[in-house]
Amino acid sequence: MQSQQPAVIFPDSAQVLYLVVPCYNEEAVLAETTRQLTDKLRGMIEQGLISPLSRILYVNDGSKDNTWGLIRQFYDANPLVLGLSLSRNRGHQNALLAGLMTAKEHADMVISLDADLQDDIGVIDQFVKKYYEGCDVVYGVRSSRKTDTFFKRFTAQSFYKLMSGLGVDVVYNHADYRLMSRRALNELQNFKEVNLFLRGIVPLIGFKSDVVEYERHNRFAGESKYPLKKMLSFAFDGITSFSVKPIRFITTLGIVIFTISIVMLLYFFIVYLCGKTVAGWTSIVVSVWAIGGLQLLAIGIIGEYIGKIYMESKARPKFIIDEFLDDAGKAQTGGDKSCK
């Protein structure tokens, strides 16, 4: 006989789930995303897995196309859809944080996912069941990278290994597809840094967590919002936001080069005493360029950290909300709805 899986213990009443979906120029995919997410939520509501008060919250990150217009249309026609519009483009991480901080005031649990339908919404049930089992954070982890090109697969795996080697606690093959309870979101709000890297911040919260594996799909429509340049910038932000090892590496490299220079100085002094000196333009030029390049690299890395300190010291709001289309059926204008 097959062993039976332990039954999931549900609370006396189903909990409210919000799906937070950051959007930037997603008009090509938004209609299909709304259809699929609506069907998913309705099915879970009928099963009694989540409350009828559960919603889809779209966050418009200063889109230049008709994304916000479509969100307004879906909000008017679909009782499950809500909309949040930022005053300007603030980047994926800030838009995601804006949605999470707004949703936590209305939901017991929040799942963040991208609008491009690459995250498998079929496993949302598993996220919710893990929550009912007592998990405050549930990470969506890719089971494989078969759909990625060799270059993307290699760079992604190298990134996670590099982050781990630098001492940054990140979940391997996890992006921003995750469930967080209201309790976890309340703690997330206490992290005040301006340079957001949620994949590194969320594990710092602690609390009970688990993972749900899924297959990532191809993008339904539109173009990726993370070209190579943005991916590299995002990776560098993650490294410099959570590790000082690059600066320590420069210190170690400086000590090594200084030691080599002392050894070479002794060597050339001995050669000079033996009368075997030779002209060496090549070695001189190479040495000058090598040391000069190293110095510029060191200054650049140190400058990156100083720049982050500069931005943190300003304590500017991470986002400003322009409009919130909520359940009351009214568009609320921003005002004090900002997050520092």
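**View 1. A salt bridge between helix 1 and helix 4.** Lys40 is buried, with a relative accessible area of 18%, and in this predicted model its side chain meets that of Asp125 in a salt bridge, with N and O 2.2 Å apart. The two partners come from distant parts of the chain, since Lys40 lies in helix 1 and Asp125 in helix 4, 85 residues apart. Asp125 is also buried, having a relative accessible area of 13%. Buried here stands for a relative accessible area under 20%, so Lys40 at 18% falls within that class.

**View 2. A salt bridge between strand 6 and helix 7.** The side chains of Asp176 and Arg199 meet in a salt bridge, for which the N to O distance is 3.8 Å. Asp176 belongs to strand 6 (residues 174–181) and Arg199 to helix 7 (residues 198–205), so that this pair links parts of the chain 23 residues apart. Asp176 counts as buried at 8% relative accessibility, and Arg199, at 17%, counts as buried too.

**View 3. A salt-bridge network that includes two residues of helix 1.** Glu32, Arg35 and Asp39 are joined into one network by salt bridges that share partners. Within this network, Arg35 forms a salt bridge with Asp39, and their closest N and O atoms are 3.4 Å apart. Arg35 and Asp39 are 4 residues apart in helix 1, which means that about one helical turn separates them. Arg35 is partly exposed at 45% relative accessibility, and Asp39 is partly exposed at 42%. In the structure as a whole there are 11 salt bridges.

**View 4. Strand 2 and the strands paired with it.** Strand 2 (residues 55–60) is largely enclosed by the rest of the structure, because 6 of its 6 residues are buried. Both of its faces are covered, with Arg55, Leu57 and Val59 buried on one side and Ile56, Tyr58 and Asn60 buried on the other. Strand 1 (residues 17–23) runs parallel to strand 2 and is joined to it by 6 bridges, and in this pairing Cys23 stands opposite Asn60. Together with helix 1 (residues 30–46), strands 1 and 2 make a right-handed β-α-β unit. Strand 2 also pairs in the parallel sense with strand 3 (residues 81–86), over 5 bridges, and there Leu57 stands opposite Leu82. From strand 2 the chain passes through helix 2 (residues 67–77) to reach strand 3, and this β-α-β crossover is likewise right-handed.

**View 5. Tyr58 and the largest nonpolar core.** The largest nonpolar core holds 70 residues, and those touching the most other members are Leu17, Leu19, Tyr58, Ile111, Ile124, Val128 and Leu188. Helix 3 (residues 92–103) supplies the largest share of this core, 7 residues. Leaving aside neighbours within four places in sequence, Tyr58 is in contact with residues including Val21, Cys23, Leu30, Leu37, Ile71, Val81 and Leu84.

**View 6. Two loop residues with positive phi.** Asn25 is not a glycine, yet it has a positive phi of about 55 degrees, and its place is in the loop between strand 1 and helix 1. Leu117 is another residue other than glycine with a positive phi, near 65 degrees, and it sits in the loop between strand 4 (109–112) and helix 4 (124–132). Asn25 is partly exposed, with a relative accessible area of 24%, whereas Leu117 counts as buried at 9% relative accessibility.

Definitions and conventions. Residues numbered from 1 in each chain as written. Predicted model: local features only at pLDDT ≥ 70, side-chain atom pairs only at ≥ 80, totals over all residues. Heavy atoms only, no water. Core = buried A, V, L, I, M, F, W, Y, C linked by side-chain atoms within 4.5 Å. Buried < 20%, exposed > 50% of the residue type's maximum accessible area, 1.4 Å probe, protein only. Contact = heavy atoms within 4.5 Å. Pairing = 2+ DSSP bridges. Right-handed = clockwise from strand over helix to strand, strands pointing away. Salt bridge = Lys/Arg side-chain N within 4 Å of Asp/Glu carboxyl O.
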